[in-house]
Amino acid sequence: MNYNQCWLNYNPISNYPDKEVLSDIAIFTGVNKSSAIIENAVNELELALKRILNITINRQQHIEDAKQADAIQTGIILMITNSELKDEGFILKQEGNRILIQANTEQGLLYGTFDLIRRIAQGDRIKELDIRQNPKNNIRILNHWDNMDGSIERGYSGKSFFFENEELLVNDRTRDYARLIASVGINATVINNVNVRGAASELVTDRYLDKLRTMADIFEGYGIKLYLSANFAAPIEIGGLSVSDPLDKDVINWWDKCVRNIYSKIPSFGGFLIKADSEGRPGPFTYGRTHADGANMLARALKPYGGLLIWRCFVYNCQQDWRDYKTDRARAAYDNFIGLDGKFDDNVILQIKNGPMDFQVREPVSPLFGALKNTNMILEVQAAQEYTGQQRDVCYLIPMWKEILEFETYSKSGGSKISNIVSGNTYNQLNCGMAAVTNTGNDYNWTGHDLVASNLYGFGRLSWDTELSSEQIAREWILQTFPQDERVHNAVLDILLKSWSVYEKYTSPLGIGWMVNPHSHYGVNVDGYEYDRWGTYHRADRDGMGVDRTVKNGTGYVGQYNEPNASMYENKETCPEELLLFFHYIRYDYRLSSGKTLIQHIYDTHFEGVEDVIKMAKDWEGLKGLVASDIYERVSARFEMQLSNAKEWRDRVNTYFYRKSGKNDEKGRKIY
Ligand code: GCV
């Protein structure tokens, strides 16, 4: 095996107090005898208990009679019940010498089992357990941007473990991937890039369906649905039609047949994810049709089989003229989709990036979340750190995602936080949830940087329960990843919790974003996107910088928010400072609430950011000999890269703004 098991390594724990209740396992009534899910759950328990506590369990399977099972006084009992739980929910409780895992479905039992394992792996007591859990979001999905040649778009941890040379890979890693993501509650995955090109268009055809079936079966055993990104122009590219017009009869028939064929081979198939009319991808605009026309056509093909159609809202003009101060990319998702609210079928879900631009280190939330009222939505975040250090720099993203989820949109009176909107609670919808562009590849440690496996772990846990705190998630991950040692736990926790703000300090200031090298998006280049066509500008001149997005004088973007958010952003005095340059053009001598001028704030944060990285690297160095040497070496090497990146950002940003503004650093530090 050329990879580790991340948080499923199941490190041994000494002196665990509740060992005595963890011997036998009984499974009874309601459970399908040949259920792959139950088999997987019990195998996992067996493995975990052996490794963590050196307990060999004694399996007693399939006790058909409920009364008989109820009489069992010791061990772990997995029990199908009929309780007031969602399909995937579970109850976990300790009664005397037994632990009961109850759920209405086998999938619920799997999640209950993983929850129990998680507690034991962290060394938590299981005496007096009395837990009832339902997932907050029904859809908890990963998006892989894996290409069929084995490369990964924005992949920073090796190659794809799904594809190689236009073929599918199905092997041990497929199962271990499923275990990993199911253990944190993820229940769906899209295995191929949303930019569907070449052979990937054929994934929906017989060329690949048998192998996909094998993969889907493995996933199904862990409660995970397989989805595919599909090419909107597939009827032309592989179907031999002359158009892919969503209202064309032949096109409709082509997709119907294609989908029927998929379900005949893969009955558990989840559905399609579509990127259309975006960054050069084909879509309904070519035929003068709307996104609703396009999405509904595909959704109707999927509907008879219970399939879902996920349609991305990342649609904007990527041919902008930088001289044009009125066109604003930030407006695009809202402008393109608001008029379609209520026009999508029930099994269509709009997938909306967390911010209006593109996964920058700091953005406001997309105003679409507070605007659509009759449309299913999925919140899309990016665990792959395209703009947040590319898994060379550590950046624990859960605090960012928490802020987004906690944002009050004022879409409906009585509370309409993003977490409630995307969970479907606010508008009583079922087909909603969270998606993460994932950060995995075939590297030994799955995520390149060992510490950022916490983002994958955290996405799963947060999408299951959006109320969990960033700190709790980090603690859980640390306790399951590293051996028992408080020094390690405290140091890693400290590094993770400050890493996002450290990254923000040494990169682009106060919400303006970008300033990265074109194409690669790693490393500093202040004007890298300034005179380009992508709509991503900082507008710095000798007096100040920032984009005026106000209604009064700017692009009007602010008007896409509900009150009182719109007024808050419109006025620079009430605009949250961390987003000041996103919403306003600000003079370098403007005083921030700290009393510092904008320019001094830029200098200070950039010097501080580098100092913080030095401190983090030093804290990590202190763990030499306390963490496994391979992890120690890998992370140390990443800190070296991060430090050199941070210095480069500091010096270029400070020098750039010093030269633009002519203003000295009050502290007289070195600026070039
Ligand atoms: C998959 C950004 C990235 C692209 C990505 C795109 C998207 O533009 O740089 O690599 O394409 O977002 O989300 O579709």
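This short presentation describes the pockets of one protein structure and the ligand bound in it.

Good morning, colleagues. Please keep in mind throughout that the model is a predicted one.

I shall begin with the largest pocket. The space in this pocket comes to about 610 Å³. Its lining consists of 27 residues, and those nearest the centre are Glu88, Gln107, Asn138, Asn187 and Lys225. Sorted by class, the lining of the largest pocket comprises 12 nonpolar, 10 polar and 5 charged residues. Two domains take part here: domain 1 (6-133) and domain 2 (139-481) each supply at least three residues to this lining.

Let us turn to the second largest pocket, which has a volume of about 440 Å³. It is lined by 26 residues, and Glu153, Arg154, Glu279, His521 and Trp534 are the closest to its centre. In this lining, 11 residues are charged, 9 are nonpolar and 6 are polar. Where does this pocket lie with respect to the domains? Its lining takes residues from both domain 2 (139-481) and domain 3 (482-547 + 585-672), and therefore the pocket lies between these two domains.

Which pocket holds the ligand? The ligand is found in the second largest pocket. Around the ligand there are 14 residues, with Glu153, Lys275, Arg312, Lys353 and Glu386 the closest. Glu153 thus appears twice in this account: among the residues closest to the pocket centre, and among those closest to the ligand. The shell around the ligand is made up of 8 charged, 3 polar and 3 nonpolar residues.

I would now like to look at individual contacts with oxygen atoms of the ligand. For Lys275, a polar side-chain atom is placed 2.6 Å from a ligand oxygen. Arg154, which we met close to the centre of the pocket, has a polar side-chain atom 2.9 Å from an oxygen atom of the ligand. In the side chain of Asp358, an N or O atom is 3.2 Å from a ligand oxygen. How much of the ligand's accessible area does the protein cover? On its own, the ligand has 340 Å² of accessible area, and the protein covers 96% of that.

Thank you for your attention.

Terms used. Residues numbered from 1 in each chain as written. Predicted model: local features only at pLDDT ≥ 70, side-chain atom pairs only at ≥ 80, totals over all residues. Heavy atoms only, no water. Near = heavy atom within 4 Å. Polar contact = N/O pair within 3.5 Å; in protein donor to acceptor, adjacent residues only side chain to side chain. Areas by Shrake-Rupley, 256 points an atom, 1.4 Å probe, with all protein chains shown as cover. 1 Å grid on protein atoms, 1.4 Å probe; cavity = no way out; pocket = protein on both sides within 12 Å on 5 of 7 lines; lining within 4 Å. Sits in = over half its atoms within 2 Å of the grid points. Nonpolar A, V, L, I, M, F, W, Y, C, P; charged D, E, K, R; others polar. Points joined across faces, edges and corners; volume = space filled by probe spheres on them. Domains from an automatic or database assignment.
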